[in-house]
Amino acid sequence: MMSLTGSTFLYNPVIGVSRSYTQRRVGVPGVLVVSAANSSSSNGRPGERNATVLLETTLKEMRDAAPTSDVDSKTTVGGGVEDVYGEDSATEEHSMTPWTVSVASGYSLLRDPHHNKGLAFSEKERDSHYLRGLLPPVVVNQDLQVKKLMNCIRNYQVPLQKYMAMMDYQEHNERLYYKLLIENVEELLPIVYTPTVGEACQKYGSILGRPQGLFISLKEKGKILEVLKNWPEKKIQVIVVTDGERILGLGDLGCQGMGIPVGKLSLYTALGGIRPSACLPVTIDVGTNNEDLLNDEFYIGLRRRRATGQEYAELLHEFMCAVKQNYGEKVLIQFEDFANHNAFDLLAKYGATHLVFNDDIQGTASVVLAGVMAALKLVGGTLADQKFLFLGAGEAGTGIAELIALEISKQTETPVEETRKNIFLLDTKGLIVKSRLESLQSFKKPWAHEHEPIRELVDAVKAIKPTVLIGSSGVGRTFTKDVVETMASLNEKPVIFALSNPTSRSECTAKEAYTWSKGRAIYASGSPFDPVEYNGKIYAPGQANNAYIFPGFGLGLIISGAIRVHDDMLLAASEALAEEVTQENFDKGLIFPPFTNIRKISAHIAARVAAKAYELGLATRLPQPQDLVAYAESCMYSPNYRNYRSRTIWVGFLPTFGQQVKT
């Protein structure tokens, strides 16, 4: 029983009264209607959404609570329709109250992406949820909807058009969007993420529809906690945040980098099973140094140069503290596409106090390590037997190098300082050597070896004689014909990873790698390439895509209730992914498994990460489940439609608002 004296409530039986709108007491009868649209299969798991039950007051009562205007409230407008909100009498100078009545039925239900099923609403649901006449008469199932949308997607010739169509589906029918993505992951992954997402970010100001995620700018300094509370979902488990300074290999895209957190979190749901309502994309807008954007009339961010130093650090610190205060210690914060000078500092600063993960440093490292470990099945030998040369010594390059050194140290029980000696890095100024130590950034210093200076990549290949060549430079076509042919002359099966994104920034194409190595290269790239035919044989290039790792990694942290990320968890994820490559995959030249089984793969990765969290004493979800793989699968979000049941209670006419209402 609840009293409605003087107030109107939105009521959810799960969480209680969610918001109160104070109104004047009215002396005329009114009608209150309670309408519920519940999931009949809700079981409290992370993959399920709580039912929405809202209490609606009459429009007259809300009209009476709205500010009065100079025009009599009984005045009618064209067609004899009463202007109950005072909208028609308002002007640009005359403020009005933006009243919204939300009910999980009727017209608004069709515009609620969380519950909309489109033509899949059954005849019974159309009757009970006031949908008659709002939909064509045909009833179709979700599978047919997926088939129809895939036909539409395939009719678009331009990848950006496909991206925009996918975003439109996500905004209108959430479950259908994720079912579409899950069942067609290999075809749609390049659309919702790299490489197409790069172009989408470049044009984000022009293509932006309904804003997704939170935009936190310098204007919000001092009130970030309030901004976080504006987000409608309260039980957040994963936040992906960027400041837009280094989007893929495209550089500073400022506020328009929001496409990256949105895309990453779509994959957290589709590939890792994290429910959409638990995911929060965030862009920290501190300005941009991109002159083209500053001069673009459609740019959506702050029109100022980037904040640095104390101003930048204070905003980020306020954000990190507010997240922990609002969502607790177990929310995963994934840093995405920060520039080198901030990425390493943020990871070091908050790694001991928050559950943080940098996908560019740690996620890339984990997936590449898995690829190298799998490639050894074709090359032979151990990880310690290999010699590595990196082109690029930024976040990705040094992150990969360090994780490889840690894995070798683990396998050989050798100090990591020793295992680094067979790993060489080349940056824009040449090979990183001891003679350059004073001028090096701190994250490069561990890789300064005793060696003569070398400027050109091909000369470094000849001198060092690497078995594995890894590119993370962000500069396209740097693995030239001379470089690849030299690698092939030194190794029977040279391992060549061209990791830079998007496709235009790849160090070499799959076709170039196979052709110049005479079909002997073991090749993987960051962006996808089509199979290559060489001398009558088909070669299937691998894609060292972070999507293999971070969805399952995040799921493992969540199901274990981990409070910190440890390097051993990254090694566990790499080992789990490498084990998923089958002999059938190897026979096709693949060193990564196909994405068709990615949710199964993510469950296995999650189980290994969770097991490591329990082993290290970093897990808080006790007791530990006996079968972590089965538990991970059981926690995964399912995009299949739910059957809605209806419950309508007519309370009757109330002489005053002081009546007691039974529900």
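1. A good place to start is the largest nonpolar core, which has 122 residues; Met166 and Phe553 touch the most other members of this core. Please keep in mind as you look around that this is a predicted model.

2. Let's stay with Met166 for a moment. Setting aside neighbours within four places in sequence, Met166 is in contact with Ile153, Tyr177, Leu180, Leu188, Ile191 and Val192. Apart from the largest core lies another one, of 36 residues, and Val286, Phe319, Ala322 and Leu347 are among them.

3. Three of those partners of Met166 lead us to helix H7: Leu188, Ile191 and Val192 are listed with the buried residues of H7, together with Val185, Leu189 and Pro190. Helix H7 covers residues 185–192, and 6 of its 8 residues are buried, so the rest of the structure largely encloses this helix.

4. What do the buried residues of H7 pack against? Their partners are helix H4 (142–155), helix H5 (159–172), helix H6 (174–183), helix H8 (196–202) and helix H11 (259–272).

5. Next, take a look at helix H13, which runs over residues 309–327. This helix has 19 residues and reaches 27 Å from its first C-alpha to its last, close to the 27 Å expected at 1.5 Å a residue. Just after H13 comes Gly328, with a positive phi of about 95°.

6. Which residues of H13 are buried? They are Tyr312, Leu315, Leu316, Glu318, Phe319, Met320, Ala322, Val323 and Tyr327. Phe319 and Ala322 may look familiar, as both belong to the core of 36 residues. When you view a helix like this, it helps to recall that an α-helix has 3.6 residues a turn, so residues three or four places apart point the same way.

7. Arg436 also deserves a visit. Is Arg436 buried or exposed? With a relative accessible area of 15%, Arg436 is buried, because buried means under 20%. You will find Arg436 in the loop between strand S15 (430–431) and helix H18 (457–464). Leaving aside neighbours within four places in sequence, Arg436 is in contact with Asp427, Lys429, Gly430 and Leu431.

8. Finally, here is the wider picture. The protein's secondary structure comes to 25 helices and 23 strands. Of its 663 residues, 56% are buried. Among contacts with a separation of 6 or more, 71% are between residues 24 or more positions apart. On the outside, the protein exposes about 28700 Å², and carbon and sulfur atoms supply 51% of that area.

Terms used:
Residues are numbered from 1 along each chain as its sequence is written. This is a predicted model: local features need pLDDT of at least 70, side-chain atom pairs count only at pLDDT 80 or more; totals for chains, interfaces and linings use all residues. Side-chain values use heavy atoms; hydrogens and water are left out. Buried means under 20% relative accessible area, exposed over 50%, partly exposed in between (1.4 Å probe, protein chains only). Helices (H or I, at least four residues) and strands (E, at least two) are DSSP runs, numbered from the N terminus. Contact means heavy atoms within 4.5 Å. The expected span of a helix is 1.5 Å times one less than its number of residues. A nonpolar core is a set of buried Ala, Val, Leu, Ile, Met, Phe, Trp, Tyr and Cys residues joined through side-chain atoms within 4.5 Å. Accessible areas come from the Shrake-Rupley method with a 1.4 Å probe; for residues, only the protein chains shown count as cover.
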